[in-house]
Amino acid sequence: CAETRLPLKVFVLAGQSNMQGAGAIKANPRSRNGGMGTLEYLVEAPSTAEHYRHLIDKDGNWAERDDVWIWYLDRKGKLRPGFGAHPGAIGPELQFGNVIGDYFENQVLLIKCAWGGKSLGRDFRPPSAGGEAGPFYTKTMNHVKEVLADIKSHFPGYDGRSYELAGFGWHQGWNDRVNQAFTDAYEENLVHFIRDLRKELGVKNLPFVIA
């Protein structure tokens, strides 16, 4: 019979430390603010608990989404808290994945490529900007291609359905802001970056969102 399964929706999330994510999961009562602002605090505080209730399962543990997978360098699995800069942190992937997972009927895959202290002017420098392509531009493209070439080995629940690259999220900028030459060239470099990655990933009008 004809293929009727919805394609896997794939979103790439890339950038530097803000994309890595430093949001603390565990409340520390010895900290300056008594744990306020942490994920544990937000899911328990009366003023915020309802908004964050979806992050907790019926047993009070962190919920895992069967319909949203994430790959982040040395970590991968079902979306849950713990895919920030380290396992005790969260980044933009958590709530982005929850919103996207709720919106689509499709299975969703997030491929996150983020490293702290990286510039667009040098580290992520796109090939068409001139000079040597940045090593983290190359790493990002290679990681995305490697994951998509063998999704089943990373996510055993993958049933072989087709996939669609559906969007690219970019959260970066600090290391260009503190270098005047990089600041002056940022707009031009970003245009090259968007065009180059769309060409290399083979999606002419891939949606690109800048945070």
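The lining of the largest pocket in this predicted model is made up of eleven nonpolar residues and three polar ones, with no charged residue among them. The space inside this pocket comes to about 200 Å³. Of the 14 lining residues, those closest to the pocket centre are L13, F96, F168, G169 and V209. Two elements, β1 (8–15) and β7 (163–171), each give two or more residues to the lining. The largest share belongs to β7, which supplies six residues. A helpful picture for such a search is that rolling a probe the size of a water molecule over the atoms shows where empty space is left.

Stepping back to the whole fold, the protein contains seven helices and eight strands. Its radius of gyration is 18 Å, close to the 17 Å that the globule rule gives for 211 residues, so the protein is as compact as a globular protein of that length. Measured out along the principal axes, the C-alpha trace spans about 60 × 55 × 25 Å.

The interior and the surface complete the description. Of the 211 residues in the protein, 48% are buried, that is, under 20% relative accessible area. Among contacts with a separation of 6 or more, 64% link residues that lie 24 or more positions apart in the chain. On the outside, the accessible surface amounts to about 11400 Å², and carbon and sulfur atoms account for 52% of this area.

Methods
Residues are numbered from 1 along each chain as its sequence is written. This is a predicted model: local features need pLDDT of at least 70, side-chain atom pairs count only at pLDDT 80 or more; totals for chains, interfaces and linings use all residues. Side-chain values use heavy atoms; hydrogens and water are left out. On a 1 Å grid over the protein atoms alone, a cavity is a set of points where a 1.4 Å probe fits but cannot get out, and a pocket is an open set with protein on both sides within 12 Å along at least five of seven lines; lining residues have an atom within 4 Å of a point. Grid points are joined across faces, edges and corners, and a volume is the space filled by probe spheres set on the points. Helices (H or I, at least four residues) and strands (E, at least two) are DSSP runs, numbered from the N terminus. Ala, Val, Leu, Ile, Met, Phe, Trp, Tyr, Cys and Pro count as nonpolar, Asp, Glu, Lys and Arg as charged, and the others, Gly among them, as polar. The radius of gyration is taken over C-alpha atoms; the globule rule is 2.2 Å times the number of residues to the power 0.38. Buried means under 20% relative accessible area, exposed over 50%, partly exposed in between (1.4 Å probe, protein chains only). Contact means heavy atoms within 4.5 Å. Accessible areas come from the Shrake-Rupley method with a 1.4 Å probe; for residues, only the protein chains shown count as cover.
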